Every structure is written in structure tokens, then in C-alpha cells.
Amino acid sequence: MTTCEYRPGLEGIPATQSSISYVDGQNGLLEYRGIRIEELAAQSNFLETAYLLIWGGLPTQQELTTFEHEVQYHRRLKYRIRDMMKCFPESGHPMDALQACAAALGLFHSRRELEDPSYVQDAVVRIIAKIPTMVAAFALMRKGNDPVQPRDDLGYAANFLYMLNEKVPDPLAARIFDVCLVLHAEHTINASTFSAMVTASTLTDPYAVVASAVGTLAGPLHGGANEEVIAMLKEIGSVENVRPYVEDRMAKRAKIMGFGHRVYKVKDPRAAILQRLAEQLFDKMGRDAYYDIALELELVVEEKLGHKGVYPNVDFYSGLLYRKLGIPTDLFTPIFAIARGAGWLAHWKEQIGENRIFRPTQIYTGPHDQPYAHVDDRLHLWENSGKRTSDLALTESSRIA
Ligand code: ACO
């Protein structure tokens, strides 16, 4: 085997072959199973798109109806999971609550028969069905309220908004939220999907796979940028402040949140769709200062940074939409997880279909042939050799903790 160059973050190194989604960043193209995201956003819905991603093709009417009914049937949470959630600290982050609940689901379904198609189907249905209920339940329980039971007469997106806000949403709001889920459902081998695939490759259960992916999505470098967009718009405060804000960030060589992408060097196609949805939602529900600031910000950033390929990414408009739908900011990433669950499960299924455990190599940079010193002699040896660095030592506070 030839030695490879080390690339931090595995940038540009293919880690798998996949037929699930495709991105062309130069031309702003995103496809799920070969179908353009614009078509899916306009004509499909989240459950049909999840079926497409996971089973590899669009369902017949009967297959779709069966899938919808099964998801609807499994939406409720076991009372023991609700009891477990009552013990969670109300100040805890909803992503941590979701990760714990996803892992706990595995306790109730410990049979692991990955070769059995009915096991795979049951797990897919249960996870897609229960993630929104877990997110909504924690959002209410942390305020001391009882969770709202799902309603069978409501679709996937409308039911989530109902469980969260305790009222049936406006049909436009439900449709827009559903499209947001479609747009976030899959995006090739990003960090959380890679994490799901590595976990899947050990042939553990799918609940552990999803719990691991949720933990990875929770980090601010991955799932959290849309929260930061809202904080930035608040900081800018008015349309007049947009240009000075951009100039100041550029002078400091600081990033403007919600802009730029490692892969897309033109406008992210998902941002373009979300922008049109935002226009519809703000027209119907009333414009606010945040929206006007966002429009001006896009113009100024394009003028100043467009030549570097810096355009709005998916996070720029999604935060604005969620805020307008009355969703608390710290639920933006859990909502991302509701959608991305479909992509994680598609990659889980693809991984176990042709599995080889992930076991990359490393380039060792440490010493060799070190002597073992008895604990009584170590301080003396280290003082003489000057080899011990202070960051190896436990601090007093970490020992007490
Ligand atoms: N604001 C200002 N300048 C930017 C921005 C930005 N948001 N993004 C890129 N640039 C500039 C860089 O400073 C760099 O300029 P230079 O060539 O003069 O040094 C040039 O554009 C190229 O940018 P890179 O940093 O090399 O792009 P990279 O691919 O490494 O980074 C990233 C992509 C991390 C997304 C970056 O654009 C960024 O931090 N954006 C803000 C955070 C954000 O919105 N993240 C969400 C991404 S989408 C998602 O994860 C779902």
C-alpha cells in the first residue's frame, strides 16, 4: 500500500461510494437519487423524499400510503421515555436531550437483525416517526408543561408544529416547514453522516447510529450556523447598519454567518428556494426588521464578496423562517436532525448493504522506546530531563470534579 498525504479533515478524500445524493458546487446543483432539489421542493413532501432517499426510488401510491400510516402509528413515545425526559435538566440543550432519547429507544428494541428487511423497515419507521415527538416533548417539558400527543389527522410537518406550539398551524406555514425538511434531508458525506456511517460499519443497532449522528450534528461547526444568523441580524439591528457591519467584518477578516460554503461557490440552491419561501411567508405573516436586514445583507455581501464565491448558504434563510414560525432558536439544530434523520438512515442502509468496518490509518507523531519510570521517581526524572509539559498535569479543579 502506498503512503498517502495527510489531509486534515479528510478534505477531498473519498471515504465511500454512494448513490444517495450528488452536489455540484460550481453549478449550484443538488440531487437526491438523481432528482433535482428544486423539483422535490416544489412537488414532493418530506415523507415521500425520505422514502426516496432510504429505499432508492419514488414510492407507488400504495407504498407511500403504507409508509405514511406506519409513521403516523409510531409517533407516540413510550411513557418510560417521557418519564426519563422528566429527569433531564430544563436548562440542558435540546440536542443533548434528543441524543439521549434516540439512544434510549434502542433499549426498547434491542433485537438486532440487520439482514432482516422487516427489522430495517421497522427501525426506519420508528426513528422517522419519533424524532419530532421527542423534540417537541422536550421543548414543552422543559417549561413544566405536559407533552402534546400527536394528531393522526395532521401530516408530518403540521403535526410537529402542532405538538410544539399547541395549535394547528396555518397551511402555508406547515407547507413551508415541510419544504425546509426536504431541503435539509440529505447532503452527501457531511460530518454527521460520516459519523453515522462509521457507527453503522460496526454493525451496531440503528438507534446507536442516529444517536451518534445527533451528537455530531450538535457542534457549532456543523448544525448551529442558522442560530448564529439570528444573533447576527439582532446585532446589526437596522438596515442602515448593514454596510458598516459588513465592512467592519471584512476589515477584521471575520466571517459573516450564513454565507460561504466549502462545496458551493455559487448561491446554494437550497438558499434560493428558502428565499422564495421566506418571501411568501413574510408577505402573509408580515415583514419584520430581521427580514429587511437580511435582504440588504445579501445585496451588500454579494457586492463585496461575490467575486470570492461567497453567497448565502442554506442556513441564511432557514433561521429566519423558523423564527417567523415561532420556533425557539435552540430548536433549529434539533429540527435539522428531524430532517437529516432521513439521510442518516439512507446511509445506514447503504453502509450495511455493503459493509466494511471503517478503520483508517494514522501518521504517528509521538516518541518511541520511552523508559517506564516508577511513580516515586517520575518528578525527579522529569525535572532533570525537562521533558514533562504542564498541560499533562491535572489541575486542582479537574481533580475535585
Ligand atoms: N464571510 C466573509 N468571507 C468569507 C465567508 C464569510 N461567510 N466565507 C468565505 N469567505 C472568504 C474567506 O475569507 C476567503 O477569503 P480569502 O481568499 O481572501 O482568504 C474566501 O472567502 C474563501 O473562503 P474559505 O474560508 O476558504 O472557505 P471554506 O470553504 O474554508 O469555508 C465555510 C466555508 C466554513 C462555510 C465559511 O464560508 C464560513 O465560515 N461561513 C460562515 C459560517 C456558515 O454560514 N456556516 C454554514 C455552512 S452551511 C452548512 O454547514 C449547513
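Helix α16 carries a kink of about 40°, centred on Arg-340. The model is predicted. The helix comprises 22 residues. Its first and last C-alpha atoms lie 32 Å apart, close to the 32 Å expected at 1.5 Å a residue. Burial is extensive in α16: 19 of its 22 residues are buried, so the helix is largely enclosed by the rest of the structure.

Helix α9, spanning residues 191-200, is likewise largely enclosed by the rest of the structure, because seven of its 10 residues are buried. The buried positions are Ser-192, Thr-193, Ser-195, Ala-196, Met-197, Thr-199 and Ala-200. Part of their cover comes from α16 (332-353). Helix α10 (206-217) also contributes to the covering of these residues. The kinked helix α16 is thus among the elements that cover α9.

The cysteines were examined for disulfides. A disulfide requires two cysteine sulfur atoms within 2.5 Å. The count comes to zero. For Cys-87, the closest cysteine sulfur belongs to Cys-101. The separation is 11 Å, too far for a bond. The relation holds from the other side: the cysteine sulfur closest to that of Cys-101 is in Cys-87, at 11 Å, so a bond is ruled out by distance.

The surroundings of Cys-87 and Cys-101 were then assessed by accessibility. Cys-87 has a relative accessibility of 66% and therefore counts as exposed, since the exposed class begins over 50%. Cys-101 has a relative accessibility of 1% and therefore counts as buried, the limit for burial being under 20%.

Definitions and conventions: Residues numbered from 1 in each chain as written. Predicted model: local features only at pLDDT ≥ 70, side-chain atom pairs only at ≥ 80, totals over all residues. Heavy atoms only, no water. Buried < 20%, exposed > 50% of the residue type's maximum accessible area, 1.4 Å probe, protein only. Helix = DSSP H or I, 4+ residues; strand = E, 2+ residues; numbered from the N terminus. Contact = heavy atoms within 4.5 Å. Expected span 1.5 Å × (residues − 1). Bend = angle between axes of the 7 residues up to and from the residue.
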